[in-house]
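Please open the model in your viewer and keep the selection tool at hand. The stops below take you from one selection to the next and say what is to be found at each.

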Amino acid sequence: MHIANIPFGITDWSSIPVTEHKGEIGIAYWRTCNFGDIRVRMVEYTPGYLADHWCRKGHILLCLEGELESELDDGRKFVLTPGVSYQVADNAEAHRSYTRTGAKLFIVD
């Protein structure tokens with residue numbers, strides 16, 4: 001990743017409008033900021049959330065609260081708890097998210 005032409009700034013995430021994204025089950029609430037080609041999000045999944053698609057977008061994702069299960073299309077599953085992150089490139093392993101308890105994430109893509 002090359003970060004260019006972004007002056008120093010701070011983000012008060014509580015002031016960023018929330019958008020709602022329905023999953024196959026549950027809802028994801030996104031707060032999104034774009035900095036050039038970089039999208040940064042604070043995402044909250046409701047308990048029982050299951051993504052409605054297999055994602056091929058690259059991300060760096062940090063679990064802040066709750067527990068998130070990331071399933072890869074080859075069947076592997078990884079559990080993220082607060083302080084645990086994952087990273088995946090664009091068009092690498094397709095993945096989808098599930099949370100039994102709900103989760104709060106910080107995502108850069």
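Begin by selecting Met 42 and Phe 106, since these two residues stand opposite each other, with Phe 106 lying in strand S9. What you are looking at is a predicted model, in which local features need pLDDT of at least 70 and side-chain atom pairs count only at pLDDT 80 or more, while totals for chains, interfaces and linings use all residues. Residues are numbered from 1 along each chain as its sequence is written, and side-chain values use heavy atoms, with hydrogens and water left out.

**The strands around S9**

Strands here are DSSP runs of E of at least two residues, numbered from the N terminus, and two of them pair if DSSP finds at least two bridges between them. Select S9, residues 103-108, together with S3, and you will have two antiparallel strands joined by 6 bridges. Now add S4, which pairs with S9 in the antiparallel sense, again over 6 bridges; within this pairing, Leu 62 stands opposite Phe 106.

**Two hairpins**

Move next to S2 and S3, which pair in the antiparallel sense over 8 bridges, and pick out Arg 31, which stands opposite Met 42 in S3. These two strands form a hairpin with 2 residues between them, and Gly 36 in the turn has a positive phi of about 60°. Then select S1 beside S2, where the antiparallel pairing runs over 5 bridges and Thr 19 stands opposite Trp 30 in S2. S1 and S2 also form a hairpin, this one with 4 residues between the strands, and Gly 26 in its turn has a positive phi of about 80°.

**The largest pocket**

A pocket is found on a 1 Å grid over the protein atoms alone, as an open set of points where a 1.4 Å probe fits, with protein on both sides within 12 Å along at least five of seven lines; its lining residues have an atom within 4 Å of a point. The largest pocket has a volume of about 290 Å³, a volume being the space filled by probe spheres set on the points. Of its 20 lining residues, select Trp 30, Arg 41, Tyr 45, His 53 and Cys 55, which are the closest to its centre. The elements giving two or more residues to this lining are S1 (18-22), S2 (27-35), S3 (38-45), S4 (59-66) and S8, and S3 gives the most, with 4 residues.

**His 95 and Arg 76**

Which strand holds His 95? Select S8, residues 95-98, and you will find His 95 there. At a relative accessible area of 4%, His 95 is buried, a word that stands for under 20%, with exposed meaning over 50% and partly exposed in between (1.4 Å probe, protein chains only). Not counting residues up to four places away in sequence, His 95 touches several others, including His 53, Trp 54 and Cys 55, where contact means heavy atoms within 4.5 Å.

Finally, select Arg 76, whose C-alpha atom is separated by 9.5 Å from that of His 95, the two being 19 residues apart along the chain. Arg 76 is found in the loop between S5 (68-72) and S6 (77-80), and at 39% relative accessibility it counts as partly exposed. Leaving aside neighbours within four places in sequence, Arg 76 is in contact with Ser 70, Glu 71 and Glu 93.
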